[in-house]
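This briefing introduces one protein chain and its ligand to a reader who has not met them before. Please look over the sequence and the structure before reading on.

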Amino acid sequence: MIEISNLSMHYQLGAARIDVLRSVNLSVPAGQRVAITGPSGSGKTSLLLLLSGLERPASGRIAIDGTELGGMDADALADLRRDRIGIVFQSFHLLPSLSALDNVALPLQMANRPDAHERAAALLQRVGLGARQGHYPSQLSGGEQQRVAIARALVHRPRLLLADEPTGNLDDHTGEAIRELLFELNTEAGTTLVLVTHDPDFAARCDRVLRLHDGHLNEVKTNVRAPDAVPV
Ligand SMILES: Nc1ncnc2c1ncn2[C@@H]1O[C@H](COP(=O)(O)OP(=O)(O)O)[C@@H](O)[C@H]1O
Ligand SMILES: [Mg+2]
């Protein structure tokens with residue numbers, strides 16, 4: 001699903017150069033649940049932006065589902081996101097002039113899907129916001145906006161979900177509901193999950209835990225997923 005080789009990236013601020021990724025390699029098979037951890041400023045968000053084609057690397061290659069991002073123009077990358085990738089941004093990126101329902105429906109409307117509102121309503125229900133469809137982002141708490149952002153990222157049934165601290169602003173109860181939702185999606189639909197998280201419990205429940213530090217991505221832990229428990 002994801003193949004990254006020798007990926008390097010830096011930001012240039014005047015004379016200062018910030019090396020964010022130094023020759024990172026990663027291979028993620030379809031359906032895997034991957035947690036990315038690492039200190040603040042270690043490049044976790046930057047890595048997700050590269051994977052979604054919203055930033056370009058200085059060097060190296062990224063392929064999603066066998067498609068090399070480097071050779072694609074902005075329109076082709078937008079199509080790839082629309083068709084195959086769901087993204088939950090750290091800062092949500094909801095459109096303030098649209099209701100929760102319209103924010104979630106937007107990706108489907110852009111693809112001219114007639115069931116856009118119906119499916120958006122079902123997703124909002126699933127993240128516990130069925131009663132808040134008509135509310136605008138400014139009328140929702142941070143955690144509620146985050147759930148709208150999660151519903152929007154899932155509405156088009158992406159093969160790959162990239163989520164930047166998806167439970168970072170949620171209370172324990174809501175956070176657990178969102179973790180369950182993401183894992184259900186993974187088991188039911190085989191959605192590949194790449195989750196940036198500071199939550200050790202969330203990370204431990206993923207198949208793999210990777211840590212970004214000093215520009216390097218290291219494997220911290222690989223879990224062998226237990227087969228579904230058989231009731232005795
Ligand atoms: N647009 C930008 N311009 C310059 N520097 C940036 C930009 N975005 C991020 N950085 C810097 O790159 C480093 C990695 O940032 P980021 O990927 O957001 O880390 P993380 O998500 O792990 O906290 C940080 O030092 C950050 O300050
Ligand atoms: Mg970040």
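In which strand is the place of leucine 193? Leucine 193 has its place in strand 8. The model described here is a predicted one. The points below begin with the chain as a whole, then take up its two sheets, one of its helices and the ligand.

**The chain as a whole**

- The chain holds 7 helices and 10 strands.
- Its radius of gyration is 18 Å, close to the 17 Å that the globule rule gives for 232 residues, so the chain is as compact as a globular protein of that length.
- Taken along the principal axes, the box filled by the C-alpha atoms is roughly 55 × 50 × 30 Å.
- Of the 232 residues, 37% are buried.
- When contacts between residues at least 6 apart in sequence are considered, 66% of them join residues at least 24 apart.

**The sheet of six strands**

- An open sheet is built from 6 strands in the order 6-7-8-3-9-10, and its pairing is mixed.
- Its edge strands are strand 6 (85-88) and strand 10 (216-222), each of which pairs on one side only.
- On average, neighbouring strands of this sheet are turned by 20° against each other, with direction ignored.
- Strands of a sheet pair through backbone hydrogen bonds, in either a parallel or an antiparallel manner.
- Strand 6 and strand 7 (residues 160-164) run parallel and are joined by 4 bridges.
- Two partnerships link residues to strand 7: isoleucine 85 has leucine 160 as its bridge partner, and isoleucine 87 has leucine 162.
- Helix 5 (residues 142-154) packs on the sheet and touches strand 6 and strand 7, its direction making about 170° with that of strand 6.
- Strand 7 also pairs with strand 8 (residues 192-196), in the parallel sense and over 5 bridges.
- Within that pairing, aspartate 164 stands opposite valine 196 of strand 8.
- At the other end of the strand order, strand 9 (residues 208-213) and strand 10 pair in the antiparallel sense over 6 bridges.
- Arginine 208 stands opposite threonine 222 in strand 10.
- The hairpin of strand 9 and strand 10 has 2 residues between the strands, and aspartate 214 there takes a positive phi near 55°.

**Burial in strand 7 and strand 8**

- Strand 7 is mostly covered, with 5 of its 5 residues buried.
- In a regular strand, side chains alternate between the two faces of the sheet.
- In strand 7, Leu160, Leu162 and Asp164 point one way, Leu161 and Ala163 point the other way, and all are buried.
- Why does leucine 193 count as buried? Leucine 193 counts as buried because it has 22 C-beta neighbours inside 10 Å, where the cut-off for burial is 20 or more.
- Leaving aside residues up to four places away in sequence, leucine 193 touches Arg33, Val34, Leu161, Leu182 and Asn186.
- Leucine 193 and alanine 163 are 30 residues apart along the chain, and their C-alpha atoms are separated by 7.8 Å.

**The sheet of four strands**

- A further open sheet consists of 4 strands in the order 2-1-4-5, with antiparallel pairing.
- Strand 2 and strand 5 (67-68) stand at its edges with a single partner strand each, so one side of each is left without a neighbour in the sheet.
- Strand 4 (residues 59-64) pairs with strand 5 in the antiparallel sense over 2 bridges.
- Isoleucine 64 has threonine 67, in strand 5, as its bridge partner.
- Helix 1 lies across strand 1, strand 2 and strand 4, and runs at about 120° to strand 1.

**Helix 3 and its surroundings**

- The buried residues of helix 3 (residues 100-110) are Ala100, Leu101, Asn103, Val104, Ala105, Pro107 and Leu108.
- Their cover includes helix 2 (74-84), helix 4 (116-126) and helix 5.
- Asparagine 112, which follows helix 3, has a positive phi near 55°.

**The shell around ligand 1**

- Ligand 1 is surrounded by Tyr11, Leu13, Ile18, Val20, Gly38, Ser40, Gly41, Ser42, Gly43, Lys44, Thr45 and Ser46.
- These shell residues divide into 4 nonpolar, 7 polar and 1 charged.
- Strand 1 (2-13), strand 2 (16-28) and helix 1 (44-51) each supply at least two residues of the shell.
- Helix 1 gives the largest share, 3 residues.

Note on methods: Residues numbered from 1 in each chain as written. Chains lettered and ligands numbered in written order. Predicted model: local features only at pLDDT ≥ 70, side-chain atom pairs only at ≥ 80, totals over all residues. Rg over C-alpha atoms; globule rule 2.2 N^0.38 Å. Buried ≥ 20, exposed ≤ 12 C-beta atoms within 10 Å, placed from the backbone. Contact = placed C-beta atoms within 7 Å. Near = placed C-beta within 6 Å. Nonpolar A, V, L, I, M, F, W, Y, C, P; charged D, E, K, R; others polar. Pairing = 2+ DSSP bridges. Axes fitted to C-alpha atoms, helices over the stretch in contact; angles between N-to-C directions.
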